[in-house]
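Welcome! Have a look at the sequence and the 3D picture, turn the model around a little, and then read on.

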Amino acid sequence: MRADDEAQLVDVDGLEVLFAVLRGRGYTIVGPAVRDGAVMLSELTSPDQLPRGWAADTEAGRYRLRRRTDDAIFAHCAGPQSAKDFLHPPRARLWSADSAPDDDVTTTGPAPADKRYAFVGLHPCDVAAINVLDRVLARGRYPDPVYTSRRDGTFIVVAECTEPAATCFCTSTATGPGAAGGFDLSLTELLTGGHRFVVRSGSPAGADVLAEVPSRPAGADLVASAAEAVDRAAAAINRRLPGQPLPALFAAGRESPVWDDVASRCLTCGNCTMVCPTCFCTTTEDVTDLSGEHAERWRRWDSCFDIDFSYVHGGPVRASAKSRYRQWISHKLGTWPEQFGVPGCVGCGRCIAWCPAGIDITREAAALAAAEVGGEP
């Protein structure tokens with residue numbers, strides 16, 4: 001947070017008003033909540049459902065909830081879900097077709113979104129992930145109607161990250177822990193001297209909502225305290241990607257023995273792609289009823305770790321585990337920056353924590369970098 005922002009101070013009770021204002025404007029609020037042993041995104045009706053007093057300990061192949069000794073509300077790290085689950089759902093019907101007795105066929109496209117989402121409590125890395133999805137699914141020549149129907153009109157309340165997980169590396173992707181844009185409101189949680197939030201608006205819609213929430217000027221000292229909390233979070237992040245240009249590194253390392261090593265550990269289960277907030281690949285399935293008079297086409301998430309994902313005439317293009325892992329990491333860190341100017345990875349660390357084999361994208365990138373300069377992988 002910059003010290004020159006016209007930041008406001010909102011007490012914890014202000015969250016109840018914020019929820020009421022958002023609900024009054026027709027938003028369905030989605031935010032973090034403790035469910036099924038993790039912090040999951042859910043539709044919320046009250047700020048009491050937020051994960052107050054909860055955090056999570058993560059490491060490669062590990063995620064465990066932990067009770068805190070304070071009432072911090074947004075100290076959770078990335079759980080297995082992200083906004084992708086709501087904006088680019090795991091399954092979506094693309095169209096349906098019905099035939100009439102006179103053989104006329106009528107088709108119906110995807111149903112428009114019946115909800116307008118307000119995301120409350122996303123961390124900056126996940127807001128950056130939405131921007132990545134926007135580039136692919138909304139800003140191209142052929143915008144995806146399922147995504148744009150859900151994305152248009154969303155309201156985003158970002159919670160700046162003040163307690164990163166051990167698996168976070170957003171400082172390497174310039175996507176956190178501070179909020180740089182893409183939000184309507186930004187909150188920075190303060191616990192010292194009272195439980196409060198330094199809040200700033202990032203859009204006219206955010207300023208309009210904030211005007212209805214009880215607040216007062218934050219003052220330079222609390223704005224500075226919020227900035228210091230974010231700076232401490234940045235300093236606490238230990239995982240990093242290699243510093244050299246990654247597109248050149250991955251282009252030069254296509255035949256590196258590093259890929260054989262990671263393939264010996266990778267289960268090709270696709271967990272990393274399922275929890276990744278920016279992976280968007282899908283496949284389609286057609287179904288018909290027994291009468292043959294009704295048909296539907298459904299889209300579901302797919303993974304480049306699925307051997308059928310690259311199947312073309314005669315067989316899969318990427319038949320080996322090493323080729324599939326190389327494709328995934330090279331796309332994230334090499335070809336994506338070449339295409340869009342930013343990484344396809346936002347440093348949230350989900351792929352590290354939720355990999356059952358504990359494979360770490362930062363360590364594999366570092367191993368490739370070491371191998372390319374003649375060191376040991």
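This report starts with the chain as a whole and then visits a few residues one by one.

**The whole chain**

Keep in mind that this is a predicted model. The chain contains 13 helices and 16 strands. How does its radius of gyration fit with a compact globule? For 377 residues, such a globule would have a value near 21 Å, and the chain has 22 Å, so the two agree. If you measure along the principal axes, the C-alpha atoms fill a box of roughly 70 × 65 × 35 Å.

What share of the residues is buried? Of the 377 residues, 51% count as buried. The contacts tell you about the fold too: among those with a separation of 6 or more, 70% join residues that are 24 or more positions apart. On the outside, the chain exposes about 17100 Å², and carbon and sulfur atoms supply 50% of that area. As for charge, there are 38 positive and 48 negative side chains. The centres of these two sets lie 4 Å apart.

**Two buried residues in helices**

Let us go inside. Ser 330 sits in helix α11, which covers residues 321-340. Its relative accessible area is 11%, and because buried means under 20%, Ser 330 counts as buried. Where does its side chain reach? The side chain of Ser 330 comes to 2.7 Å from the backbone oxygen of Arg 326. Once neighbours within four places in sequence are set aside, Ser 330 is in contact with Phe 250 and Thr 335.

Thr 148 belongs to helix α4, residues 145-151. Thr 148 is buried as well, with a relative accessible area of 17%. Not counting residues up to four places away in sequence, Thr 148 touches Leu 137, Ala 138 and Pro 143.

**Residues in loops**

Now for the loops. Asp 71 is placed in the loop between β5 (62-67) and α2 (84-87). Is Asp 71 buried or partly exposed? Its relative accessibility is 42%, so Asp 71 counts as partly exposed. Leaving out neighbours within four places in sequence, the contacts of Asp 71 are Arg 52, Gly 53, Glu 189 and His 195. Asp 71 and Trp 54 are 17 residues apart in sequence, and their C-alpha atoms are 7.8 Å apart in space.

Another loop runs between α5 (170-173) and β10 (185-190), and Pro 177 is found there. The peptide bond that leads from Gly 176 to Pro 177 is cis, with omega near 0°. Ala 174 is in the loop between α5 and β10 too. Although Ala 174 is not a glycine, its phi is positive, at about 55°.

Asp 36 also has a positive phi, near 55°, and is a residue other than glycine. You can find Asp 36 in the loop between β2 (27-35) and β3 (38-43).

**Accessibility in one view**

Here are some of these residues with their relative accessible areas.

| Residue | Relative accessible area | Class |
|---|---|---|
| Ser 330 | 11% | buried |
| Thr 148 | 17% | buried |
| Asp 71 | 42% | partly exposed |
| Asp 36 | 66% | exposed |
| Ala 174 | 70% | exposed |

Notes:
Residues are numbered from 1 along each chain as its sequence is written. This is a predicted model: local features need pLDDT of at least 70, side-chain atom pairs count only at pLDDT 80 or more; totals for chains, interfaces and linings use all residues. Side-chain values use heavy atoms; hydrogens and water are left out. Helices (H or I, at least four residues) and strands (E, at least two) are DSSP runs, numbered from the N terminus. Buried means under 20% relative accessible area, exposed over 50%, partly exposed in between (1.4 Å probe, protein chains only). A polar contact is a pair of N or O atoms within 3.5 Å; within protein, one must be able to donate a hydrogen and the other to accept it, and residues adjacent in sequence count only if both atoms are side-chain atoms. Contact means heavy atoms within 4.5 Å. The radius of gyration is taken over C-alpha atoms; the globule rule is 2.2 Å times the number of residues to the power 0.38. Accessible areas come from the Shrake-Rupley method with a 1.4 Å probe; for residues, only the protein chains shown count as cover. Lys and Arg count as positive and Asp and Glu as negative; His and the chain ends are not counted. The place of a charge is taken as NZ of Lys, CZ of Arg, CG of Asp or CD of Glu.
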